[in-house]
Amino acid sequence: MKHTRAARAYAKALLHAAKQEQSASQLRQPLENLQRTLESSEPLRNFLANPMIAPSAKQEALRRLVDEEAPPIALAFLTLLIERKRERELEAVLEEALRQLDEAEGVERAEVVSAAPLTERQQAALSDALTKAVGRRTILNVARDPSLIAGFTARVGDTVYDGSLRTQLERIRKILSQPSSA
Amino acid sequence: MAQQVRPDEISRILRESLEQFETEIDVYDAGSVLQVGDGIARVHGLQNVMAAELLEFPGDVLGMALNLEEDNVGAVLFGDSAHVKEGDPVKRANRIVEVPVGEALLGRVVNPLGRPLDGKGPIETDLYLPVERKAPGIIDRQPVREPMQTGLKIVDGTTPVGRGQRELIIGDRQIGKTAICVDAIINQKESGVRCVYVAIGQKGSTVAKLVKALEDRGAMEYTTVISATASEPAPILWLAPYSGCAIAEYFRDNGMHSLVIYDDLTKHAWAYREMSLNLRRPAGREAYPGDVFYLHSRLLERAAKMSDEKGAGSMTALPIIETQEEDVTTYIPTNVWSITDGQIIMEPGLFYGGVRPAVNVGLSVSRLMGNAQTDAMKQVSGPLRAELARFREIQSFAQFGSEQLDASTQEQLRRGEQLTELLKQNQFEPLPHWKQLLSIFAGRQGLCDDIPTDEIRAFETAMHDHFEEHETGLVERIETGEKLSDEELDQIAAAIENCKKGFQAVAA
């Protein structure tokens with residue numbers, strides 16, 4: 001399971017500490033960078049997960065990876081994580097911390113999948129529309145999936161706004177196969 | 001035979017259907033499958049899902065949310081889990097699991113989700129009821145007061161069932177538990193009681209045979225059969241009695257009477273055990289989960305006699321429990337035993353000895369007794385149960401030789417044999433109230449004492465025919481169900497004597 005209780009607790013503690021230092025807003029950039037690096041590098045993930053490697057070496061590696069201008073609390077947090085042998089949870093902790101940051105700042109993330117690439121204007125319009133529907137500022141993460149045929153789907157939290165042709169065709173199929181219409 | 005296909009007709013229908021279609025954005029809640037197998041799925045997301053809510057999986061597989069945990073939802077699948085993969089989207093249906101109900105279901109064979117299995121086309125009804133409902137409270141009920149005639153002398157005479165009662169039928173396999181219920185259904189032809197038969201974990205062929213038997217006797221017209229055969233996944237078996245209950249409840253809540261048969265709750269408990277273990281719920285005694293008592297108690301509590309303000313409808317439940325080697329003291333039988341208002345105990349010894357229905361009168365109990373009988377039947381059959389029980393006791397030691405016994409015991413033995421013979425009944429031949437009353441009356445008054453035991457059943461038939469032809473006034477009087485006066489009893493006795501003379505003359 002990706003989202004463990006430990007990840008949630010660590011993320012919460014990090015944000016709490018950052019808030020006290022008034023550095024919560026500067027936390028997003030370094031965390032996002034680290035998340036991206038981890039995602040793209042399998043050797044790094046293996047390196048961190050390997051119990052044969054000394055914690056000090058892992059701490060040193062992370063120190064070099066984290067941005068210069070990151071608030072000191074970020075580095076201190078990573079050091080603590082490794083000291084407590086929770087490096088396997090790092091990805092989950094980062095994801096959870098970013099989610100909690102979003103929540104604190106009143107931002108929603110929307111996973112948008114579209115059949116054709118969206119123009120800048122379309123994205124802005126979609127973002128506005130979703131912001132209105134959700135009642136909170138919405139940031140889009142856009143992906144493409146030609147199997148939708150046309151249109152898009154947007155997912156905010158658990159709620160899916162489905163405007164794809166695939167789903168509409170499916171609905172037509174259901175209506176036509178309904179016995180009551182015969 | 002084949003109707004001509006008219007293209008313009010088809011395109012008109014298609015056009016009309018498409019007019020219902022609106023191109024708007026679908027908004028729904030969705031999660032994704034984390035893990036699937038053994039008929040259950042763990043789903044991520046679905047933060048706002050309700051307990052017992054219907055979920056839609058890809059491939060038209062439905063599911064039901066059961067375990068709401070901190071970071072995932074455990075759901076059971078009502079379909080083939082082979083169609084569902086990890087990562088598949090899961091939609092919330094925003095409604096609790098429900099089944100179609102109402103008159104449209106009578107005469108149909110459906111699965112526990114209310115989908116037809118009999119090839120007679122779709123079920124046309126707008127009425128739906130949730131499968132899990134709260135049982136009626138105390139204020140909405142009233143004591144059971146009308147009999148629910150099963151048409152079986154031994155049941156209506158010694159362990160009568162009332163409308164709104166829950167009577168357990170318990171015994172080993174293949175000794176006539178289902179037969180009692182089928183006869184009870186057939187006997188409701190004139191009574192207006194709607195019947196629901198729930199088959200849980202049985203063979204498809206057995207269910208087909210039963211449906212055929214009901215159809216041949218015109219009993220399907222007022223009966224719904226819910227079939228969850230042994231090949232269905234455990235969640236379907238688990239759901240079956242609750243859907244059957246919901247269908248029967250519709251009649252109860254609309255001032256009508258219904259009879260629901262759960263055949264059988266042993267397999268239901270097995271299905272629930274399988275499901276619970278797969279959902280990783282902690283196992284208790286015999287690996288059943290902790291709430292296996294609640295599983296059956298909440299189901300059987302829904303049987304009720306409603307108050308006059310609520311329409312005075314009723315729902316009678318006949319749960320069946322199958323035992324192994326006559327052991328009624330295991331977990332599930334004792335549970336259901338303690339929930340119901342009485343039990344009919346069936347014994348293989350009696351069955352193979354030719355006493356059919358093989359009801360053990362001494363151990364069978366109906367906690368409502370008199371309230372579930374007509375006054376006339378109460379008057380005539382009163383001590384029948386005690387007499388039969390005493391007879392079985394004497395019989396067991398009389399096996400060593402009856403010559404040394406005193407005259408009164410011998411008399412009791414003889415009377416007991418006659419009564420046992422009189423209470424035998426063929427399958428699919430439920431008797432109306434007056435015929436039952438006559439047979440029991442003749443037996444208890446000793447009016448058949450001078451007829452050889454092996455001729456008693458022939459005499460019984462002759463007696464019924466005689467009354468039907470010559471004593472219609474008395475038959476009508478008995479059918480009112482009111483208490484009989486001494487003169488009326490004398491008249492009946494005289495008529496039986498009269499008939500006996502004719503019978504003996506023919507036999508001689």
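This dialogue goes through the domains, sheets and contacts of a predicted model.

Trainee: Which domains does the assignment give for chain A, and how far apart are their centres?

Mentor: Start with the residue ranges, then look at the distance between centres. For chain A, domain 1 covers 5-104 and domain 2 covers 108-181. The C-alpha centres of domain 1 of chain A and domain 2 of chain A are 33 Å apart.

Trainee: Which domains does the assignment give for chain B?

Mentor: Chain B has domain 1 (30-96), domain 2 (100-373) and domain 3 (380-507). Between the C-alpha centres of domain 1 of chain B and domain 2 of chain B there are 29 Å.

Trainee: How many residues of domain 1 of chain B are in contact with domain 2 of chain B?

Mentor: A contact here is a pair of residues with C-beta atoms within 7 Å. On that basis, 12 residues of domain 1 of chain B meet 11 residues of domain 2 of chain B. On the domain 1 side, β4 (61-68) and β5 (73-77) of chain B each contribute at least two residues. By class, that side of domain 1 of chain B holds eight nonpolar residues, three polar and one charged.

Trainee: In what order do the eight strands of the open sheet in chain B lie?

Mentor: Read a sheet from one edge to the other, and do not expect the strand numbers to run in sequence. The order in chain B is β8-β12-β11-β13-β14-β10-β15-β16, with mixed pairing. At the edges are β8 (109-110) and β16 (365-366) of chain B, each paired on one side only.

Trainee: In which sense do β13 and β14 of chain B pair?

Mentor: Strand β13 (residues 257-263) of chain B runs parallel to strand β14 (residues 314-322) of chain B, and six bridges join the two. To find one such place in the model, take B:Ile261, whose bridge partner in β14(B) is B:Leu318.

Trainee: Where do the residues of chain A that touch chain B come from?

Mentor: Begin with the count, then go to the elements. There are 17 residues of chain A in contact with 20 residues of chain B. Two elements of chain A, β4 (159-162) and α8 (165-177), give two or more residues to this side. The most come from α8(A), with six residues. By class, the chain A side has eight nonpolar, six polar and three charged residues.

Trainee: Which strand of chain B pairs with β4(A)?

Mentor: The partner is strand β1 (residues 26-37) of chain B, and the pairing is antiparallel over four bridges. For a residue to look up, A:Thr159 has B:Asp29 as its bridge partner in β1(B).

Terms used:
Residues are numbered from 1 along each chain as its sequence is written. Chains are lettered from A and ligands numbered from 1 in the order in which they are written. This is a predicted model: local features need pLDDT of at least 70, side-chain atom pairs count only at pLDDT 80 or more; totals for chains, interfaces and linings use all residues. Domain bounds come from an automatic or database domain assignment. Two residues are in contact if their C-beta atoms, placed from the backbone, lie within 7 Å. Ala, Val, Leu, Ile, Met, Phe, Trp, Tyr, Cys and Pro count as nonpolar, Asp, Glu, Lys and Arg as charged, and the others, Gly among them, as polar. Two strands pair if DSSP finds at least two bridges between them.
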